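Please walk me through this structure, beginning with one of its sheets and ending at the ligand.

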Amino acid sequence: MTESTELPFFGHIIDGKEVESDNAERFDTVNPWTREPWARVALGGRPEAELAIAAARRAFDEGPWPKLGFTERERLLGRLADLMEEHADELGQADSRDMGKPLAQCRNDVARAAWNFRFFAQHAKVSTAETLPMDSGHHAYTRFEPAGVVVAIAPWNFPLMLETWKVAPALAWGNTVVLKPAEDTPTSATIMARLALEAGLPPGVFNVVHGYGPNSAGSALTEDPRVNRITFTGESGTGKIIGKAAMDNLIPVSLELGGKNPNIVFADADLDNAVSWSIQSIFRNAGQVCLSGSRLYVQREIHDEFVTRFVAAAEAMRFGDPLDPETEFGPLASQEHFEKVRGYVETIESEGGTIATGGLGDGWFVKPTIVVGMPRDAKHVQEEIFGPVVVVEPFDTEDEVVALANNSEYGLDAQLFTENVHRAHRVAAQLQVGTVWVNCYFVRDLRAPFGGTKRSGIGREGGNFSREFFTEPKAVILQI
Ligand code: NAD
């Protein structure tokens, strides 16, 4: 669909068709590199949310999808994954233009997104449940039945990848879905839903509604009593609102929220490895990663050497046009987000920190920024900045660093670097987080639990954890 001006148009996908909003309202999506609109998108509200939920409800209650069987669903979702790979350039460019992430990273996200469909379709097919022979002579077994209509609300930092992390298991288990992508990154969701129709998914099985959060499509979707599950990734404050909406309808909600993650480097670490992963951990995607290691604790003996190497590696990063394949580091995703991160950068020195390297760049760029000497109670140490800003602090003992790492309202993940395997296990066991990476970062096995403690979320997804969330497990007890 293309409108009369030269900007491409992206509609909602409701009940198997790409449509405008009832009132034909649209919004612009802005490319953070050019700071100009690059596409126009249908702006949905309550009417479009209601239509999409009605379509998903019909497709679940009357359509073939829940009864189709795992093999046929795997075939269709596999076809969708193939089509996404064939359109990897279009999908990757859409995310890159929407949010300024370097194209090479967006292409990698497309591959991960296609893999999400393949993995969850296969996982559902081979998933087994226990049969429990009872002393009484009965047998109890479990059926995992689709839950119904799933609403998925996604953030802007890994648009396609995080959308598929929700949509793929929901569909594989036989649910129907309404997805609302973030308003800053709407376009790849429409492309994916177009491809889902081309792959042969029946109408109403996978719907996309665009719009904002409060008093818009987002709140209309999460408040609707016809919905059976809500899966949300975004800020902890938004998670609270969505959690309340889910409780009003007494439905399960999965909340994957913010992080302020510790990255711990012990003196016995392989320094090259620790520096290289620490760079990825805080500066990949310009720090706009829930998992980013934004609090870096380095054992005192190696602190100065580590910081010297870390600063050199940060300064060597290539920033520029995200569509240039050589670019490693792009602008922040929107003006609003840039203003938020700027507020933190401009107060580093007044709050007692020293900028070892970095600061504000041109346009919506914030350079890779490394801060030393920041007091522990400063907002830069406590709050999620969600930008390329890391605070570095030396520590002396293992007990001290465990206490520092756990001194946070958040508990999403942690990284630790040591060559001592005993220490690795000992420290991993004490960290109050959902994931610990030892001598690496961002490596995922989709069978493993993913989620956070404290303000980082409620529930886990991945493998059997996604199965438990996206199904109604039913016990059947049989007298034999
Ligand atoms: P956000 O909470 O502002 O928005 C996320 C989504 O929620 C958007 O689609 C938005 O339109 C929608 N929304 C906002 N208010 C709503 C409401 N009242 N009702 C319904 N929907 C509403 O988050 P963001 O700025 O897009 O994303 C960044 C945040 O996401 C960061 O805090 C980051 O840590 C977190 N995040 C967490 C994970 C994880 O797996 N834990 C992954 C990625 C991002």
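**From a sheet to the ligand**

In this predicted model, three strands come together as an open sheet whose order is β1-β5-β4 and whose pairing is mixed. The edges of this sheet are formed by β1 (9-10) and β4 (26-31), each of which pairs on one side only. Strands of a sheet pair through backbone hydrogen bonds, and they may do so either parallel or antiparallel. Between β4 and β5 (residues 36-42) the direction is antiparallel, with six bridges joining the two strands, and F27 stands opposite V41 of β5.

Turning to the protein chain as a whole, one finds 15 helices and 23 strands. The chain is as compact as a globular protein of its length, because its radius of gyration, 23 Å, is close to the 23 Å that the globule rule gives for 480 residues. Its C-alpha trace spans about 70 × 65 × 40 Å along the principal axes, and 53% of its 480 residues count as buried. Among contacts between residues at least 6 apart in sequence, 69% join residues that are at least 24 apart.

The ligand, finally, has 31 residues around it, of which P155, G213, G218, G234 and T238 come nearest. Two elements, α7 (217-223) and α8 (236-248), are the ones that give two or more residues to this shell. By residue class, the shell divides into 14 nonpolar, 12 polar and five charged residues. Where does the ligand lie with respect to domain 1 and domain 2? Both domain 1 (9-257 + 456-475) and domain 2 (262-438) give residues to the shell, and the ligand therefore lies between them.

How values were computed:
Residues numbered from 1 in each chain as written. Predicted model: local features only at pLDDT ≥ 70, side-chain atom pairs only at ≥ 80, totals over all residues. Near = placed C-beta within 6 Å. Helix = DSSP H or I, 4+ residues; strand = E, 2+ residues; numbered from the N terminus. Nonpolar A, V, L, I, M, F, W, Y, C, P; charged D, E, K, R; others polar. Domains from an automatic or database assignment. Rg over C-alpha atoms; globule rule 2.2 N^0.38 Å. Buried ≥ 20, exposed ≤ 12 C-beta atoms within 10 Å, placed from the backbone. Contact = placed C-beta atoms within 7 Å. Pairing = 2+ DSSP bridges.
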